[in-house]
Amino acid sequence: MKLVLFMALGLCVATPCFTPRSAFGVAGRTHLAAPRDSLPASFPRSAYSISSPLLRLSSSGLVSRKRTRSTHVARAQWLNSKASVQVPLPVEECWGMWLRREAIPQWMPWVSSVEIDNEDRDVSRWVLSTEQLGQKFEFSWKAKNLPPLKHKMIHWRSIDGSMGGSGIGSMLQVKNRGAVKFRKLSSNSCEIQLVISYEMPDVLAPIIQQISPLVQPILQADMDRFRDLATQGKLEIFDEMV
């Protein structure tokens with residue numbers, strides 16, 4: 001699961017629309033330029049435009065050059081992966097088991113850890129790590145809890161600029177969000193649906209859609225694992241988010 005997610009997230013790095021423009025100069029080209037103030041005093045000031053602070057070297061000498069900036073904007077879309085399970089327990093109990101975020105790796109082992117922020121209890125740090133070909137990769141982000149709907153939905157979203165890690169993970173800034181939805185079936189049973197969403201550039205959507213089916217069965221295994229742990233009485237029940 002971790003390798004599949006790193007493949008999906010890593011594709012964001014490969015797309016040109018996420019490449020810093022400053023790394024290639026203006027519009028992907030570099031220019032030999034000199035600041036206006038660095039010209040010799042004898043150079044005629046009429047040879048350049050006062051409105052342009054940079055000059056370029058040409059066959060006729062130093063001449064003014066007006067910069068143009070690309071206005072290309074990368075479009076993106078949200079892609080979802082879902083899994084659901086029926087649990088033979090009251091919805092109130094299952095709800096309470098999901099309230100402890102640090103317990104989530106017990107049934108979602110591809111999440112290495114979830115740590116609660118000491119200053120803001122609504123914020124948590126999620127870490128996803130894997131080791132492939134003798135190298136460890138780590139991807140982490142902070143998530144902000146959104147107002148829950150009691151016994152109906154717990155949801156969260158990533159905090160912009162909080163992503164980090166090692167290897168590929170150190171270059172990723174992928175927005176993501178998640179939700180756990182609860183539906184009462186009877187007084188002693190309920191259905192739980194997990195939805196994981198992440199934002200990808202449109203140009204990568206066809207590729208990511210090919211990877212998404214690999215994620216689906218793993219999320220289903222997570223939900224089945226939650227059901228087993230819950231019915232075996234191995235998960236604590238809480239009254240509020242901790």
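**Salt bridges in the predicted model**

Arginine 225 is partly exposed, at 29% relative accessibility. The model is predicted, and 8 salt bridges are found in it. Arginine 225 takes part in one of them, with aspartate 222 as its partner. The N to O distance is 2.9 Å. Aspartate 222 is buried, with a relative accessible area of 2%. The bridge thus joins a partly exposed arginine to a buried aspartate. Arginine 225 and aspartate 222 belong to helix α3, which spans residues 205-231. They are 3 residues apart, so about one helical turn separates them.

Helix α3 also holds arginine 227 and aspartate 224. Their side chains form a salt bridge with an N to O distance of 3.6 Å. Here too the spacing is 3 residues, about one turn of the helix. Arginine 227 is partly exposed, with a relative accessibility of 26%. Aspartate 224 is likewise partly exposed, at 24% relative accessible area. The value for aspartate 224 is 24%, and burial requires under 20%, so this residue does not count as buried. The pair is part of a wider arrangement: a network of salt bridges links Asp224, Arg227 and Asp228.

A further salt bridge connects the side chains of arginine 100 and glutamate 102. The N to O distance in this pair is 3.9 Å. The cut-off for a salt bridge is 4 Å, so a distance of 3.9 Å falls within it. Glutamate 102 is partly exposed, with a relative accessible area of 38%. Arginine 100 is also partly exposed, at 25% relative accessibility.

Methods: Residues are numbered from 1 along each chain as its sequence is written. This is a predicted model: local features need pLDDT of at least 70, side-chain atom pairs count only at pLDDT 80 or more; totals for chains, interfaces and linings use all residues. Side-chain values use heavy atoms; hydrogens and water are left out. Buried means under 20% relative accessible area, exposed over 50%, partly exposed in between (1.4 Å probe, protein chains only). Helices (H or I, at least four residues) and strands (E, at least two) are DSSP runs, numbered from the N terminus.
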